[in-house]
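Reader: I would like a close look at one loop position and what lies around it in the fold. Please keep to what the model shows.
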Amino acid sequence: GDLFGIGHRVVHGGEEFREPTLIDDAVIAAIRRKIPLAPLHNPANLLGIEVTRARRPDVPQVAVFDTAFHHSLPPHAYHYAIPYQLYETLQIRRYGFHGTSHEYVAKAAASYLERSLGSLNLIVLHLGNGASAVAIQAGRSVDTSMGMTPLEGLMMGTRCGDIDPAIVFFLATTGGKSLEEIEGLLNSGSGLRGVCGENDMREALELAASGNERANLAIEMYAYRIKKYIGAYFAVLGRVDAVVFTAGIGENSAEVRARSCAGLSGLGIEIDPAKNGGRLAGVCEIQRKGTPVRILVVPTNEELEIAEETVACIRESIR
């Protein structure tokens, strides 16, 4: 019965929330104002907050924002090449997501490597039904694949990731689809599901193994996008100490890891097939011996990160 605090994952904090924040009525109102930026996530996050506040008004509660870790992005990385006034009036910019996972995994990688996080340059790949990449320079996020919303970036289970924005106009004018239909198509009917009919990577891999050409195409597209982001973030960072795979697919799919790193030996990134295909537990290294870039598989634990950040936030508030 003795709860020290309650921590809540909140997907979108906009520009306002850059760190874990004690929840009060003003914070709830601010999170509600961010609903247009994350209409699928923030309402559910708010519901959890409202229920627990009603049940346990005596317990301090903290909002931990998925976007907070990425507030270290420099302006040239978070601005879009659209009229600047749209940033000023509507706060249209890159925010990035999966920040809680990326932060936890980066710290776990630093601990494993016995280095301070501030001394490391990492490329972290959070690969689940939602997927994102982040370039971490001296321990801080300097670029990330998701944008104003979680729709941008890598190919995902049901999300399209990067596409030509003119496709939206084409679907409306030539395809006769409404904006609501297009939003649903790109968020829920694209990605792996759109290409091969399955959004679960395990099922897509089974289909590919049975000779299904579209499933193999979907997996190859998925890995190709990852490979392009690895190359791009290598260019951003200049030096990479480790490439880190995490989340459901990143932790469990040897084939996706292998395809994503294939052909990158020129960057010092080369997987050892035996290590990659072996039984993995905890933090594991899977690079070929003698290659300069470490390749790690690190289990994520967003719940633990939220709990630790909640405790730190509450302790800071009562000093």
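Reader: What is the relative accessibility of S116, and what does S116 count as on that scale?

Author: This is a predicted model, in which local features need pLDDT of at least 70 and side-chain atom pairs count only at pLDDT 80 or more, while totals for chains, interfaces and linings use all residues. Residues are numbered from 1 along each chain as its sequence is written, and side-chain values use heavy atoms, without hydrogens or water.

S116 has 47% relative accessibility and so counts as partly exposed, the class between buried (under 20% relative accessible area) and exposed (over 50%), with a 1.4 Å probe and protein chains only. S116 sits in the loop that runs between α5 (99-113) and β4; helices (H or I, at least four residues) and strands (E, at least two) are DSSP runs numbered from the N terminus. A138 is 22 residues from S116 along the chain, and their C-alpha atoms are 9.0 Å apart.

β4 (121-127) is among the elements that give two or more residues to the largest nonpolar core, as are β5 (131-137) and β7 (242-246). Such a core is a set of buried Ala, Val, Leu, Ile, Met, Phe, Trp, Tyr and Cys residues joined through side-chain atoms within 4.5 Å. This one has 44 residues, and L125, L127, M201, Y222, V243 and I269 touch the most other members. α10 supplies the largest share, 10 residues. V243 is in contact (heavy atoms within 4.5 Å) with residues including I123, L125, I230 and I269, leaving aside those up to four places away in sequence. A second, separate core has 17 residues, among them Y104, V134, A242 and L296.
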